[in-house]
Amino acid sequence: MKAAVLNEQPGALSIEDITVDAPGANEVLVRVVGAGLCHSDLHFMEGTFRTPLPSVLGHESAGVVEAVGSDVTYCKPGDHVICCLSVFCGQCRQCLSGHPYRCMNPDATSRPKAAPARLRRSDGSAIDQFARLGGFAEMMLVHQNAVVVITKDMPLDRAALIGCGVTTGLGAVFRTAQVEPGARVCVIGAGGIGLAAIQGARIAGAGQIVVVDVSDEKLEVAGRLGGTDLVNASSVENVVAAVKALTDGGVDYSFEAIGLKATAEQAFNMLDIGGTATVIGMVPPRQTLDIRGIDLLSEKKLQGSMMGSNQFRTDMPMFIRMYLDGRLKLDEMVSGRLQLGEINEGYEAMKRGEVTRQVIIFD
Ligand SMILES: NC(=O)c1ccc[n+]([C@@H]2O[C@H](COP(=O)([O-])OP(=O)(O)OC[C@H]3O[C@@H](n4cnc5c(N)ncnc54)[C@H](O)[C@@H]3O)[C@@H](O)[C@H]2O)c1
Ligand SMILES: [Zn+2]
Ligand SMILES: [Zn+2]
């Protein structure tokens, strides 16, 4: 099958013909229909974060079950599924305390190191699956706890976006921060994740949704998806002052959806008393953040959010219902459909800030 492989960091993706194994007892083979381009893969292509190589990247994919292993009871061939990197073991402390997205036992849902790899080159050498998914490929072989079965009414190219971006953005609002009706919200960064957070805030009934980006095109889309006040960071002198002026002293909830020190600090500094800043963006590993200690006295909070603190087997079908009833706008989030062979161009366009969400279509 064809897959987009990262062979060096930093490096571009190379489209290679590789072999996928038959499902093991607990595994599911998925024929991929749509795969979204998330910025997280780009961080790994750029070498800001490390991952075992060679690796098939991609972690935002949906498709159709082709085959299942002998112990799989959850799904069957023909089912439509979304894959999620929050693979849960169901037995560790985090899983059992209601936080399966923090599962601490990846070995339980991976093949033993000594077993043949799920993906291999023709010479037999192993290829890693990024995030235990490897979504930029015609086929994915994953643990059954990495998929959720969805209704066939849901178009699979848009279902793919729910695999990471939508769940991360909506989940950060609904689950991690728990925004309440009427709240003043600011989302910094209106890419795929930010646009999902904006929609989460709208659906949650936020009173005001300020959006900050450096691109007028992104801000225009953000306005259509729920942003009430749009701030171009490159045309104001001070982002924090601009947001405070718009929100009568600061916001109750801010979301950083880029992954930069400066914008993560802006997210905290724009809070009103008692506010909560949620950093969704992947800040580089050695990067520290500076906040003033005195701000903690007024109960301002800074927190992270991993994959929207999801419980994806129930969250994703809920997001699909929101799409099908018109509340969640996914068609408007997709700025381009690509072939697998165009993936590097897609990421170049993301680097230039020209796109919202792009989806690879496999036909
Ligand atoms: N926490 C998680 O579980 C999780 C999950 C998925 C993605 N992420 C991370 O979320 C971040 C966003 O991902 P994405 O796919 O939406 O990326 P993206 O590239 O589509 O969007 C980033 C947006 O930020 C804007 N931007 C860049 N610099 C800016 C600045 N200084 N001020 C204001 N806006 C600026 C860009 O114009 C763009 O619209 C990435 O760091 C990604 O790795 C985290
Ligand atoms: Zn992602
Ligand atoms: Zn677990």
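In this predicted model, the zinc ion written as ligand 2 takes its protein donors from Cys38 (SG), His59 (NE2) and Cys164 (SG), which lie 2.0 to 2.3 Å from the metal. Along the sequence these donor residues follow the spacing C-x20-H-x104-C. Cysteine 38 is placed in the loop between β4 (27-36) and α1, whereas cysteine 164 belongs to helix α3, so the pair ties together parts that are 126 residues apart in sequence. Both of these residues, cysteine 38 and cysteine 164, are buried.

The zinc ion written as ligand 3 has the protein donors Cys89 (SG), Cys92 (SG), Cys95 (SG) and Cys103 (SG), lying 2.4 Å from the metal. The arrangement is tetrahedral, because the 4 donor atoms subtend angles of 103 to 115° around this zinc ion, and the cut-off for that term requires all angles to lie between 85 and 135 degrees. The spacing of these donor residues in sequence is C-x2-C-x2-C-x7-C. Within this site, cysteine 92 sits in the loop between β7 (80-83) and α2 (93-96), while cysteine 103 sits in the loop between α2 and β8 (119-120), 11 residues apart. Cysteine 92 and cysteine 103 are both buried.

The two sites can be set side by side as follows.

| Zinc ion | Protein donors | Distance from the ion | Spacing in sequence |
|---|---|---|---|
| ligand 2 | Cys38 (SG), His59 (NE2), Cys164 (SG) | 2.0 to 2.3 Å | C-x20-H-x104-C |
| ligand 3 | Cys89 (SG), Cys92 (SG), Cys95 (SG), Cys103 (SG) | 2.4 Å | C-x2-C-x2-C-x7-C |

Turning to the aromatic side chains, the model contains 5 aromatic pairs. One of them joins phenylalanine 44 and phenylalanine 130, whose ring centres are 4.7 Å apart and whose planes stand at 65°, so the pair is edge-to-face. This contact links distant parts of the chain, since phenylalanine 44 lies in helix α1 (residues 39-45) and phenylalanine 130 in the loop between β9 (126-129) and β10 (139-143), 86 residues apart. Phenylalanine 44 is buried, with a relative accessible area of 10%, and phenylalanine 130 also counts as buried, at 7% relative accessibility.

Another edge-to-face pair is formed by phenylalanine 136 and tyrosine 347, with ring centres 6.3 Å apart and planes at 65°. Here, too, distant parts of the chain are linked, with phenylalanine 136 in the loop between β9 and β10 and tyrosine 347 in helix α10 (residues 343-351), 211 residues apart. Phenylalanine 136 counts as buried at 0% relative accessibility, and tyrosine 347 counts as buried at 1%.

Ring pairs also link Phe44, Phe49 and Phe130 into a cluster. A further aromatic contact involves a charge, for arginine 313 lies over the face of tyrosine 74, at 3.4 Å from the ring centre.

The largest nonpolar core has 96 residues, of which Phe136, Val179 and Phe255 touch the most other members. Helix α3 (residues 156-177) gives the most to this core, contributing 11 residues; cysteine 164, a donor of the zinc ion (ligand 2), lies in helix α3 as well. The core draws at least three residues from each of domain 1 (2-150 + 330-361) and domain 2 (169-305). Another core, of 15 residues, lies apart from it and includes Val240, Val243, Ala267 and Met270 among its members.

Key:
Residues numbered from 1 in each chain as written. Chains lettered and ligands numbered in written order. Predicted model: local features only at pLDDT ≥ 70, side-chain atom pairs only at ≥ 80, totals over all residues. Heavy atoms only, no water. Phe/Tyr/Trp six-rings, centres within 6.5 Å; stacked < 30°, edge-to-face > 60°. Helix = DSSP H or I, 4+ residues; strand = E, 2+ residues; numbered from the N terminus. Buried < 20%, exposed > 50% of the residue type's maximum accessible area, 1.4 Å probe, protein only. Lys NZ or Arg CZ within 6 Å of the ring centre and 35° of its normal. Core = buried A, V, L, I, M, F, W, Y, C linked by side-chain atoms within 4.5 Å. Domains from an automatic or database assignment. Donors = N, O, S within 2.8 Å, 3.2 Å for Na, K, Ca; no water. Tetrahedral: all angles 85-135°; square planar, octahedral: opposite > 155°, others 65-115°.
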